[in-house]
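Visitor: Please take one strand of this protein and look at it closely. What surrounds it, and what does it pair with?

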Amino acid sequence: MMNGRDGMTRILFYLDGFNNDPWKQSLLDIDPAIDVRSYPDWGTPDDGPAYAFVWKPKAGLLKQYTNIKAIFSIGAGVDHLLSDPYLPKHIPIIRMGDESLKEGMAEYMVMSVLMHHRKMPHILNLQRKQTWQHIIAKPANQVSVGIMGYGTLGKEIAKKLAPFGYKLNTWSKTPKPAKPNITHYSGESGLKHFLENTNIITSVLPSTPETTNLINAETLSWMPKGAAIINAGRGTLININNLVDAIDNGHISGATLDVFPEEPLDADHPLWKHDKIIITPHIAAITRMDSAAEYVIRNIKAIENNQEPENKLDIERGY
Ligand code: NDP
Ligand code: OXD
């Protein structure tokens with residue numbers, strides 16, 4: 001494999017707050033000849049790395065390394081990169097799209113949809129009150145599950161939910177080809193119909209100006225009474241005060257939230273104690289080191305062979 005001036009593939013790795021050694025080892029397990037270094041041991045910008053593999057790098061850091069050929073995001077979301085005003089946008093930015101993310105997210109959504117469909121948050125509250133009460137759920141074929149964001153993750157969620165017999169709706173930016181047993185909606189004009197026809201929303205939308213605050217008092221009011229929301233895309237999607245109001249006034253039955261506008265969620269935040277909201281700490285889908293290393297090295301090879309890498313960020317769209 002090619003790369004730095006001396007012919008060795010150089011990868012700079014940045015993941016603050018976690019042990020970097022096993023990550024570096026995962027890359028070396030595949031190609032022991034790689035020179036992989038963690039910040040701050042990257043050397044000077046001139047003899048810096050040929051590729052960057054990063055999560056939430058400090059603003060301005062990547063710009064210093066003028067010989068980076070591509071930036072790999074450790075996660076599927078790239079808002080952590082796009083928030084850097086100095087991000088070198090002229091080089092390819094590649095979003096994580098390995099199998100572990102797809103599997104993890106689909107499992108999380110199946111678990112959470114079943115929890116809301118079978119009213120588990122309510123049942124758990126009854127348990128805390130030592131109350132034996134039959135809680136009856138509608139049959140799955142009378143429940144519509146809506147997937148907001150029908151890309152890499154949304155498609156996998158639809159695949160894993162299909163065997164349960166729910167009615168499936170999807171919402172994306174651009175129209176999608178017809179598929180048996182799935183109703184597709186798209187664009188701003190499709191949002192109201194999508195929400196009016198959805199009992200349980202699962203969102204894996206990226207954070208962009210268009211998706212920010214999309215779930216607010218007005219759009220919540222379009223959902224059928226008793227609807228539930230599961231958000232594992234980005235926290236910017238939901239106006240949290242509006243959501244809590246809609247839950248407290250009984251229009252929305254509950255929510256499962258994995259992502260928040262500010263992470264980690266403040267220890268004093270009232271959301272933690274809301275008995276109709278399940279909180280998880282951004283763990284819906286965790287990038288696995290071995291499959292991520294394989295993904296990065298496969299795509300470095302593609303770039304070195306002048307082929308298009310997978311999952312390249314479209315800067316204009318923002319995802
Ligand atoms: P993709 O780019 O494959 O899919 C994004 C989807 O969102 C596409 O269907 C796209 O529509 C749709 N979309 C984007 N903007 C809009 C809009 N304005 N209106 C309607 N639809 C829109 O991304 P992934 O599936 O790989 O990942 C999605 C997101 O999931 C990530 O960006 C990240 O934020 C989040 N994530 C969260 C994780 C967690 O652990 N909580 C883990 C991994 C990812 P179209 O198809 O028309 O382009
Ligand atoms: C993300 C991820 O983008 O963890 O949230 O992949």
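Guide: What follows is a look at strand E10 and its neighbours.

This is a predicted model, in which local features need pLDDT of at least 70, side-chain atom pairs count only at pLDDT 80 or more, and totals for chains, interfaces and linings use all residues. Residues are numbered from 1 along each chain as its sequence is written, chains are lettered from A and ligands numbered from 1 in the order in which they are written, and side-chain values use heavy atoms, with hydrogens and water left out.

Strand E10 covers residues 227-231. Strands (E, at least two residues) and helices (H or I, at least four) are DSSP runs, numbered from the N terminus. In E10, 5 of the 5 residues are buried, so the strand is largely enclosed by the rest of the structure. Buried means under 20% relative accessible area, with a 1.4 Å probe and protein chains only. Ala227, Ile229 and Asn231 lie on one side, Ala228 and Ile230 on the other, and both faces are covered.

E10 pairs with strand E9 (residues 200-203), running parallel, through 4 bridges; two strands pair if DSSP finds at least two bridges between them. One bridge joins serine 203 to asparagine 231. With strand E11 (residues 252-257), E10 is also parallel, over 5 bridges, and here alanine 228 stands opposite glycine 254.

Helices connect the picture. E9, helix H7 (residues 217-222) and E10 make a right-handed β-α-β unit. Right-handed means that, with the strands pointing away from the viewer, the path from the first strand over the helix to the second runs clockwise. E10, helix H8 (residues 240-248) and E11 make a right-handed unit too.

Note on methods: Buried means under 20% relative accessible area, exposed over 50%, partly exposed in between (1.4 Å probe, protein chains only).
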